[in-house]
Amino acid sequence: MKQILVLLVFSLFFTACQSSSPTMEERNKALIDKYFTLFNQHDWKALSEMYADSAEFKDPTSEMKVIKKSKAQFVEEYSGLQQQFPDVHDQVVNVYPSGEKHVTVEFVSTGTGADQKKFELPIAVIFRIENGKIVQDFTYYDNF
């Protein structure tokens with residue numbers, strides 16, 4: 001009985017000492033959480049660093065055609081967005097990790113234009129992540 005108790009205590013101690021490293025899905029979700037934090041801080045340079053050097057983008061503004069953008073192009077585009085809507089903000093509704101390379105995010109983007117008109121736009125984006133960098137950003141919304 002004493003041997004079983006010692007074995008049980010040792011097993012519990014050994015299990016407790018093992019560090020459980022996060023899964024790829026958990027790491028990808030954390031990356032996307034950071035993404036939206038940086039977006040809402042309007043830190044376009046830091047946000048651009050989350051992308052691979054030449055990531056692929058697809059959204060209604062490109063007529064849903066895949067285009068490659070450099071980090072500099074990304075910063076220029078998002079700086080322009082901020083000029084149009086200085087208070088642009090994304091509120092994440094849900095994050096759906098999918099396997100080791102994809103994360104889908106449902107969110108609502110809001111802001112106020114120079115004409116003081118407010119907008120609220122539901123958006124879904126599918127990110128493909130490789131080696132800790134976003135390589136694809138496919139965004140879907142109603143481009144009214």
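Is Phe85 buried, partly exposed or exposed? With a relative accessible area of 22%, Phe85 counts as partly exposed, because buried means under 20%. Keep this residue in mind as we walk through the model, which is a predicted one; Phe85 comes back further on, together with a ring partner.

Let's start with strand S6, which covers residues 133-140. Six of its eight residues are buried, so the rest of the structure largely encloses this strand. Strand S6 has pairing partners in S1 and S5. With strand S1 (residues 51-58), S6 pairs in the parallel sense, over four bridges. If you would like a spot to look at there, find Glu56, whose bridge partner in S6 is Gln136. With strand S5 (residues 118-130), the pairing is antiparallel and runs over seven bridges. Here Val125 stands opposite Thr139 of S6. S5 and S6 form a hairpin with two residues between the strands, and in this hairpin Asn131 takes a positive phi near 55°. When you follow any of these strands by eye, it helps to recall that side chains in a regular strand alternate between the two faces of the sheet.

Now for the aromatic side chains. A pair of aromatic rings is described by the distance of the centres and the angle of the planes. The model holds 12 aromatic pairs. In one of them, Tyr35 and Phe127 have ring centres 5.0 Å apart and planes at 65°; the pair is edge-to-face, because planes over 60 degrees apart count as such. Tyr35 belongs to helix H2 (residues 24-40) and Phe127 to strand S5, so this contact ties together parts that are 92 residues apart in sequence. Both partners are buried: Tyr35 has a relative accessibility of 3%, and Phe127 has a relative accessible area of 1%.

This brings us back to Phe85. Its ring pairs with that of Phe119, with the centres 4.8 Å apart and the planes at 70°, so this pair is edge-to-face. Distant parts of the chain are linked here too: Phe85 sits in the loop between helix H4 (71-84) and strand S3 (89-98), while Phe119 lies in strand S5, 34 residues apart.

Finally, step back to the wider aromatic group. Tyr35 and Phe127 are members of one aromatic cluster, which also includes Phe36, Phe39, Trp44, Tyr51, Phe57, Phe74, Tyr78 and Phe107. One member, Phe57, has a charged neighbour as well: Lys69 lies over the face of the Phe57 ring, at 4.6 Å from its centre.

Definitions and conventions
Residues are numbered from 1 along each chain as its sequence is written. This is a predicted model: local features need pLDDT of at least 70, side-chain atom pairs count only at pLDDT 80 or more; totals for chains, interfaces and linings use all residues. Side-chain values use heavy atoms; hydrogens and water are left out. Buried means under 20% relative accessible area, exposed over 50%, partly exposed in between (1.4 Å probe, protein chains only). Two strands pair if DSSP finds at least two bridges between them. Rings of Phe, Tyr and Trp (its six-membered ring) pair if their centres lie within 6.5 Å; planes under 30 degrees apart count as stacked, over 60 as edge-to-face and the rest as tilted. A charge sits over a ring if NZ of Lys or CZ of Arg is within 6 Å of the ring centre and within 35 degrees of the ring normal.
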